[in-house]
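Visitor: Before we look closely, could you walk me through this structure and explain the words used for it as they come up?

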Amino acid sequence: MAALFEPLKLRGVTLRNRIGMSPMVQVSASDGFATDWHLVHLGSRAVGGAALVMTEATAVEAEGRISINDLGIWQDAHIPALRRITEFIRAEGAVPGIQLAHGGRKSGYAPNFDSQGMIPLRPLTPEEGAWPVIGASPIPFAANSPIPREMTVDDICRVRRSYVQAARRADIAGFDWLEVHAAHGYLPHCFYSPLSNQRADDYGGSFENRVRFVREIVRDLRAAWPDSKVLAVRLSYTDWVEGGWALADTVRLARLLRRDGADLIDVSSGGSTPLTVALMRELTEEGRAAMDEAAASGKPVADIPVGPGYQVPGASAVRRGASIPVAAVGLITDPAQADQIISQEQADIVMLGRALLRDPYWPQHAAVTLGRSESMRVPVQYHLAWKDRGDFTYLPVSAPTLA
């Protein structure tokens, strides 16, 4: 019996299986507004059988956008387009989720692709609409990044209010699962990581002070978010840098967040430094020399052991150490691999990124591979394509009725 296709219930939300679509930035919004691209991108994964379909990092403030074309939820006008998406996802049997984000010192970038493919990441210019960025301390993310303004306590209170207002809009828009993006070097992470926090007030220095901001956000959201709906937090369980944030810190924080009202920890890693050993290996000889020079100057370099399921051990350790449900993410691509993660209780759900970009119907194909087609709902419109593959259930949820 494949554990990957067992339902998961948290609060009043039931996932039909243990497969989620991980948030993946699409850089395809205009002034924060969701477009038809988002409807098709997210909706197709619900049609394909994922149980949880998450939006990309969705900015709680316009100045919190990582890229100028990121999705947003900082104004009521964003709600209708998002509601259209949640209604479609729910009609296809999946749970709509939203990831609330503030980029902090990693905000204000130009789009990182064009019609020809990926292009180098760069900050916006003033002519392109650049805005001042904020952070825990005035430490830029990269050499070409703007120096963030150190947030005052008033700034912290304002951003906390922005999260609460965004959560209320997310509820109206029909989301049932809310995730705080507190990983990858974005605003909450840059407070709890010692690599980016050199404050001397109540939000810096000790572990308790550095985690204060993310804990306040979670407590604020739990009070504002309906009790029947799920509140998750994405954490980087390690910076992959000596002297940075580490696994033991994450376990300790996860215990506190559980008491603050978090229902699940989405366990990722890294993001506090642009310098990684993996990048050095991939760059040209000239690029490697530049990176080596930067590393020799004392800037932290993350040695990330990228490989299949490389973050799963971190998820498993957080699950055991903090006694809280977790999501595992990171190069999970094979159905047997995903099922093993769940069956061995290393995680409660697997979040797929690139695998679902390559194949929106990965869950349906996995059900066939693992002999669990009877547990998978397939749209009746696709009956002819799947009828000989297994014992699928066909529910015409989205089919129009006759007049």
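Guide: A residue is called buried when its relative accessible area is under 20%, exposed when it is over 50%, and partly exposed in between, using a 1.4 Å probe and the protein chains only. What you see is a predicted model, in which local features need pLDDT of at least 70 and side-chain atom pairs count only at pLDDT 80 or more, while totals for chains, interfaces and linings use all residues. Residues are numbered from 1 along each chain as its sequence is written, and side-chain values use heavy atoms, with hydrogens and water left out.

Visitor: How many helices and strands are there in the protein chain?

Guide: The protein chain has 14 helices and 16 strands, where helices (H or I, at least four residues) and strands (E, at least two) are DSSP runs numbered from the N terminus.

Visitor: What makes the protein chain as compact as a globular protein of that length?

Guide: The globule rule is 2.2 Å times the number of residues to the power 0.38, and the radius of gyration is taken over C-alpha atoms. For 403 residues the rule gives 22 Å, and the radius of gyration of the protein chain is 21 Å, close to that value, so the chain is as compact as a globular protein of that length. Of these 403 residues, 57% count as buried.

Visitor: Why is helix 1 described as largely enclosed by the rest of the structure?

Guide: Of the 12 residues of helix 1, 9 are buried, so the helix is largely enclosed by the rest of the structure. Among the buried residues are His 38, Leu 39, Arg 45 and Val 47. Their cover includes strand 4 (52-59), helix 2 (79-91) and helix 13 (362-369), with contact meaning heavy atoms within 4.5 Å.

Visitor: How do you know that the span of helix 1 agrees with its number of residues?

Guide: The expected span is 1.5 Å times one less than the number of residues. For the 12 residues of helix 1 (residues 36-47) this should be 16 Å, and the end C-alpha atoms are 16 Å apart, which agrees.

Visitor: Why is Val 27 called buried, and what is Asp 31 called?

Guide: Val 27 has 11% relative accessibility and therefore counts as buried, whereas Asp 31, with a relative accessible area of 42%, is partly exposed. Val 27 is found in the loop between strand 3 and helix 1, and Asp 31 lies in the loop between strand 3 and helix 1.

Visitor: What is the phi of Val 27, and what is the phi of Asp 31?

Guide: Most residues other than glycine have a negative phi. Val 27, although not a glycine, has a positive phi of about 50°, and phi of Asp 31 is near 55°, also a positive value in a residue other than glycine.
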